[in-house]
Every structure is written in C-alpha cells, then in structure tokens.
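Dear colleague,

I am handing over the structure we spoke about, and below it you will find my notes on what turned up in it. Please read them with the model open beside you.

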Amino acid sequence: MFGLLNRLANIGVDICPYYWVQEETEPCEQPMIKDDAAYSVRYLNLDELKAVCHLKPGEEYDKMMKDVENGHLVIALEKDKTIAAYTFVELNSFNFKGRRFNLKPNEAYLLNMWTFHEFRGKNLAPYLRYQTYKILSDKGIDIKYSITDYFNKSSIKFKQKLNSKPKSLYLAIVLFKKFTWNFTLRRDLTKRR
C-alpha cells in the first residue's frame, strides 16, 4: 500500500494517512552504534548542507534550503570529518498538507532524517535522534513531535524503540498540488492503548 500511494503521489494524487507522534514520551536509553569508530554530533550551516544534501536541485531542494534559512536546525552525525547522517528540527508552528500544527516554546517538530548509503545498517538514525533529544533538552525543549506515514512500518518501529507514541491519526488528500483536504480520523490514541 505504501508503494502504491507513493506512485499515485507521483502523478498528482497524494493520499496520505499519517500519525502525529509524540517522541520520547518517557526517557529512553541511548541506542548503540554498530560501528567501532567515533562519531560526533554537530550543527550544519546552510553552506555545509548544500555541499552534502542528498536532494538534487529542484522544488524539494529549494523548499529545504528556504526552511533552513527560516530557522530549521540541521543536526548532523559526523565520522572522520564526513557527514554520515543528518536531520532537521522545526521550532516554529508550521503547516503539513493543509493542517496547521502550532508549537509552544518548549516544543519542536523533528523531520527529514537522512543517512548516507555507506553508513546505513549501523543504527545511526536512532542514535542521531537520541542525540537530537539531548540537544533540544539543553535548549529547554522537552516535548518533541514528528509525523509518521501510517503505512511506513519501519519508521513506526524505529520510533517505538525511542518510546514514541502516536497521538492522533489524520488523512490528507492533495490533488495536483492545488486542492487539499485534511481529516481527523482519531484523536487521543495514547488513551486508547
């Protein structure tokens, strides 16, 4: 189903059921990296992101760069001066497929994680996510959210390992990037489990 919906989105029919997830609802243990090498965590500036960005220039690339110019944090995992993975953090209220999400000063939205191919399989994504939690905590941000596609089982599993729980289930329908509908399918999912 995930693959079918991606193919439909490519022709302009974007049907997207998604969870609004609260991450690290309880403190979690630091994930272990499956590599003996030393990794460090640091911010990337806009020029560094442009140098390593996995996207080709175009609409998505331009949006990503504009988001960073408007305040998205970019946090990277580095090994021997080579960027292995990076992720983005939104600190301001934002729109997702026609739905407005308002963030308080102690809240952040975590999005768009990327691990470079040669570093995959080393458990870097959960490790970087955990390090991002620590960085945000130092900034006084103690509530973290993300959005997870309903059919993306690997992402759901990855977040469960970090004590993340879905709060609400929504359905967005976007036709040809012109018409958008967003429906609430379920609220308060944490109370129903």
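**The sheet and its edges**

The model, which is a predicted one, contains an open sheet of eight strands with mixed pairing, and their order is β2-β3-β4-β7-β8-β1-β9-β10. Its edge strands are β2 (40–43) and β10 (179–186), each of which pairs on one side only. From one strand to the next, the twist averages 30 degrees.

Helix α5 (residues 153–160) packs on this sheet and touches β1 (13–23), β7 (107–115) and β8 (143–149), while its direction makes about 160 degrees with that of β8.

At the β10 edge, strand β9 (residues 165–175) pairs with β10 in the antiparallel sense over seven bridges. Within that pairing, Y170 stands opposite T184 of β10, and L171 has F183 of β10 as its bridge partner. The two strands form a hairpin with three residues between them, and F176 in the turn has a positive phi of about 55 degrees.

**Aromatic residues**

A search of the whole structure finds 13 aromatic pairs, of which I describe two here.

Y19 and Y150 form a tilted pair, with 5.5 Å centre to centre and 40 degrees between the planes. Because Y19 lies in strand β1 and Y150 in the loop between β8 and α5, this pair ties together parts that are 131 residues apart in sequence. As for their surroundings, Y19 is buried, with a relative accessible area of 13%, whereas Y150 is partly exposed, with a relative accessible area of 30%.

W20 and Y109 form a stacked pair, with 6.1 Å centre to centre and 25 degrees between the planes. W20 lies in strand β1 and Y109 in strand β7, so the pair ties together parts that are 89 residues apart in sequence. Both W20 and Y109 are buried. They also belong to one aromatic cluster, which is formed by Y18, W20, F94, F96, F101, Y109, Y145 and Y170; Y170 is the residue that stands opposite T184 in the hairpin described above.

Two rings have a charge placed over them. The charged end of R120 sits over the ring of W114, 4.9 Å from its centre, and the charged end of K144 sits over the ring of Y133, 4.9 Å from its centre.

**Helix α3**

Which residues of helix α3 are buried? In this helix (residues 59–69), they are Y61, M64, M65, D67 and V68. Seen down the axis of α3, these residues fall within an arc of 155 degrees, so they line one face of the helix. This can be set beside the regular geometry of an α-helix, which has 3.6 residues a turn, so that residues three or four places apart point the same way.

On the other side of α3, E59, K63, K66 and E69 are exposed. The cover over the buried residues includes α2 (46–52), β3 (73–79), β4 (82–90) and β7, and β7 is also one of the strands that α5 touches. After α3 comes G71, whose phi is positive, near 120 degrees.

If you go through the model yourself, the hairpin of β9 and β10 and the buried face of α3 could be looked at in turn.

With best wishes

Key: Residues are numbered from 1 along each chain as its sequence is written. This is a predicted model: local features need pLDDT of at least 70, side-chain atom pairs count only at pLDDT 80 or more; totals for chains, interfaces and linings use all residues. Side-chain values use heavy atoms; hydrogens and water are left out. Two strands pair if DSSP finds at least two bridges between them. Helices (H or I, at least four residues) and strands (E, at least two) are DSSP runs, numbered from the N terminus. Axes are lines fitted to C-alpha atoms, for helices over the stretch in contact, and angles run from 0 to 180 degrees between N-to-C directions. Contact means heavy atoms within 4.5 Å. Rings of Phe, Tyr and Trp (its six-membered ring) pair if their centres lie within 6.5 Å; planes under 30 degrees apart count as stacked, over 60 as edge-to-face and the rest as tilted. Buried means under 20% relative accessible area, exposed over 50%, partly exposed in between (1.4 Å probe, protein chains only). A charge sits over a ring if NZ of Lys or CZ of Arg is within 6 Å of the ring centre and within 35 degrees of the ring normal. The arc is that of the directions from the helix axis to the C-beta atoms.
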